[in-house]
Amino acid sequence: MKLEKSIYPYNPEARVLPFFLFGIGGSEYQARIDRPDGYHCAQILFCAAGSGTLEYDKKAQKITAGDYFFLPKNAPHSYYPDEVKWDVRWIAFEGQTCDELLSKLGMTVPVVVTPADGTALERTFDKMVISQENDILYCDYTCSGLVYDYIIEFHRWTDSNADSARSRQMSMLLPVLKYMHDNFRTDISMTQLSEIIGVTPQHFCRIFKNTMNARPNEYLTKIRLDKAKQLLTERNVSVSEAAAGSGFRDAGYFSTVFRKYEGMSPAQYKKKMK
């Protein structure tokens, strides 16, 4: 739906609703907006055509057709067209439970999303406009539910984009993970692991930590401890044999690491598992 106006509902009673549509609008020729102190409501904006730039947190991000961007309330920002025609539609919202929901969803900083299919978002936006234009008595109540739907659908694509990025990183790390599980009894260096996927050791450590929520050495230690615990349950395996069989070269170091992670010594664990 093309839109060349702004609508600001006025119903003080509706402000007690869980979600309240403070404003909705759009323009095919979006002007520059500078808000050094942010806006008093949260906003979700959509680029239907053309391109512009969003600036926040000392960053500048290109916004093109199909992009949505979220701006939390009171977050300093600017956005402006990069060409004559920049078609932008927006909603601004608040409500009694709005801040709580946004916090639970992690929507506390500006974010840009490009949905693979924005049909649901566009339909919800159109319903809000139609309700404001045609349903004088109940538009605020109708739009309260529609704002909630809009936030959830936007967040769904935020999660989807994050999951896709993590999936790509996980796929990249699969050869490394297999190597670690197959060779945990040997000495393994960060250089060896980084060479498997063709990146520098520093970059490899960043990717691994972001994807696995653990440093490579921590992950490798966990593999070795899991194997050690398995060996310690066997009747005829000593602590030193369990250490050697799980990749620890020194039984004393093995005992120190085991106690740190398991809260007891290997000997105590072995006795407990009997």
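Is strand β4 mostly covered, or is it mostly open, and how many of its eight residues are buried? Select residues 42–49 to find out: six of the eight are buried (under 20% relative accessible area with a 1.4 Å probe and protein chains only; exposed is over 50%, partly exposed in between). Strands here are DSSP runs of E with at least two residues, and helices are runs of H or I with at least four, numbered from the N terminus.

Before moving on, a word on the model: it is predicted, so local features need pLDDT of at least 70 and side-chain atom pairs pLDDT 80 or more, while totals for chains, interfaces and linings use all residues. Residues are numbered from 1 along each chain as its sequence is written, and side-chain values use heavy atoms, leaving out hydrogens and water.

**Around β4**

Keep β4 selected and add residues 87–94, strand β9: seven bridges join the two, which run antiparallel (strands pair if DSSP finds at least two bridges between them). Look for Gln43, which stands opposite Ala92 in β9. Now add β7, residues 68–71, which is antiparallel to β4 and joined to it by four bridges; there, Phe69 is the bridge partner of Leu45.

**The open sheet**

Next, show the four strands in the order β3-β8-β5-β6, an open sheet with antiparallel pairing. Its edges are β3 (33–35) and β6 (59–64), each pairing on one side only. Inside the sheet, four bridges connect β5 (residues 51–56) with β8 (residues 77–81), and Gly52 faces Pro81 in β8.

**Aromatic pairs**

Turn on the rings: the whole structure holds 14 aromatic pairs (ring centres of Phe, Tyr or the six-membered ring of Trp within 6.5 Å; planes under 30 degrees apart are stacked, over 60 edge-to-face, the rest tilted). Tyr8 and Phe22 make an edge-to-face pair, 5.9 Å centre to centre with 75 degrees between the planes. Tyr8 is partly exposed at 48% relative accessibility, whereas Phe22 is buried at 14%. Then pick Phe19 and Tyr148, a tilted pair at 5.4 Å and 50 degrees. Tyr148 lies in helix α3 (residues 139–182), 129 residues from Phe19.

**Two crossing helices**

Finish with α4 (residues 190–197) and α5 (residues 201–212), whose axes come within 9 Å and cross at roughly 80 degrees. The helices are therefore roughly perpendicular (65 to 115 degrees; under 35 is roughly parallel, over 145 roughly antiparallel, the rest oblique). Axes are lines fitted to C-alpha atoms over the stretch in contact, with angles from 0 to 180 degrees between N-to-C directions.
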